[in-house]
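Ready for a few warm-up exercises? Take a look at the structure below, then try each task before reading its solution.

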Amino acid sequence: MGNPVTDTALTDLLNSRIRDVPDYPKPGVLFKDIAPLLADAEAFGALTRALAERAKELGATKVVGLEARGFVLAAPAAVAAGLGFVPIRKKGKLPGEVFQKSYDLEYGSATLEVQCDAFAPGEKVLVVDDVLATGGTIAASLDLVQRAGAELVGVVVLMELGFLDGRERLAPHLAGAPLETLVTV
C-alpha cells in the first residue's frame with residue numbers, strides 16, 4: 001500500500017466514518033468521534049492494514065499504543081504485522097518497574113509510564129495514536145520509548161488537528177523519524 005498518508009482512497013474512507021459532534025465536551029468544541037469508524041468493519045480493517053503495512057515498511061519490531069484509543073488502533077495493527085504490542089499507560093496502571101514521564105496539559109499535568117523491560121536494547125518501534133492535538137502526550141511517549149532503550153522508526157496518527165501546531169512541538173522528540181497522519185483537520 002505504501003505510505004498511508006498518500007493513499008487518498010483510504011483518507012476519504014476514514015473521513016467518511018469520523019463523525020463531528022458539536023459542543024462536546026464543552027460549548028464551542030467540535031469533537032471528532034472515531035467510534036463510527038471503529039464500528040465499520042471495512043474502514044477499521046483498512047486502517048489496521050495500512051498501519052500494519054507501515055510498521056513493516058519502517059522495519060518496526062514492536063508497535064506502541066498510547067492510552068486509551070491508541071490501544072484500539074495499535075494492537076490490531078501489531079497483530080496484522082506479526083509484531084508485538086507495547087502499551088504506554090497513565091501513571092499507576094502498569095505492574096513492575098516503569099519509566100515515567102510527566103508533561104503539562106492545558107490545565108495541570110499528567111504522567112505516562114512504560115515498563116522498563118518492554119523493549120530489547122535497540123528495538124525498532126512505531127508509535128500509533130488516534131489524535132495529534134498539542135503534541136504533549138505523544139512527545140512524552142517518544143521520550144519514554146527512547147529512555148527505555150528502543151529506537152523510534154516512526155509515528156503514525158489517525159487524525160491531526162493541524163490548527164493546534166502539535167507537529168512543531170513533536171519535532172525535537174522525533175530524532176529524524178517520520179511523523180505521518182491519515183486525516184488532517
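**Exercise 1.** How many bridges join strand β7 to β8, and do the two run parallel or antiparallel?

*Solution.* Keep in mind that this is a predicted model. Start with β7, residues 124-132: eight bridges join this strand to β8, and the two run parallel. Now pick out one pair: V131 has M159 in β8 as its bridge partner.

**Exercise 2.** Work out the strand order of the open sheet and find which strands stand at its edges.

*Solution.* Step one: seven strands line up as β5-β6-β4-β3-β7-β8-β9, with mixed pairing. Step two: β5 (98-105) and β9 (179-184) each have a single partner strand, so one side of each has no neighbour in the sheet. Step three: on average, neighbouring strands here are turned by 20° against each other, direction ignored. Helix α1 (residues 8-16) packs on this sheet, where the helix touches β8 and β9 and makes about 55° with the direction of β9.

**Exercise 3.** Decide whether Q115 is buried, partly exposed or exposed, and list its contacts beyond four places in sequence.

*Solution.* First, find Q115 in strand β6 (residues 108-115). Its relative accessibility is 25%, and partly exposed covers values between 20% and 50%, so Q115 counts as partly exposed. Next, leaving out neighbours within four places, Q115 touches L94, P95, E97 and V98.

**Exercise 4.** Find the residues that form a nonpolar surface patch with L164.

*Solution.* L164 sits in the loop between β8 (151-160) and α6 (166-170). With a relative accessible area of 34%, L164 is partly exposed. Its patch partners are F163 and V185, and together the three have about 270 Å² of accessible area.

Technical notes:
Residues numbered from 1 in each chain as written. Predicted model: local features only at pLDDT ≥ 70, side-chain atom pairs only at ≥ 80, totals over all residues. Heavy atoms only, no water. Patch = residues over 30% accessible without salt bridge, like charges linked within 9 Å, V, L, I, M, F, W, Y side chains within 5 Å. Areas by Shrake-Rupley, 256 points an atom, 1.4 Å probe, with all protein chains shown as cover. Salt bridge = Lys/Arg side-chain N within 4 Å of Asp/Glu carboxyl O. Helix = DSSP H or I, 4+ residues; strand = E, 2+ residues; numbered from the N terminus. Buried < 20%, exposed > 50% of the residue type's maximum accessible area, 1.4 Å probe, protein only. Contact = heavy atoms within 4.5 Å. Pairing = 2+ DSSP bridges. Axes fitted to C-alpha atoms, helices over the stretch in contact; angles between N-to-C directions.
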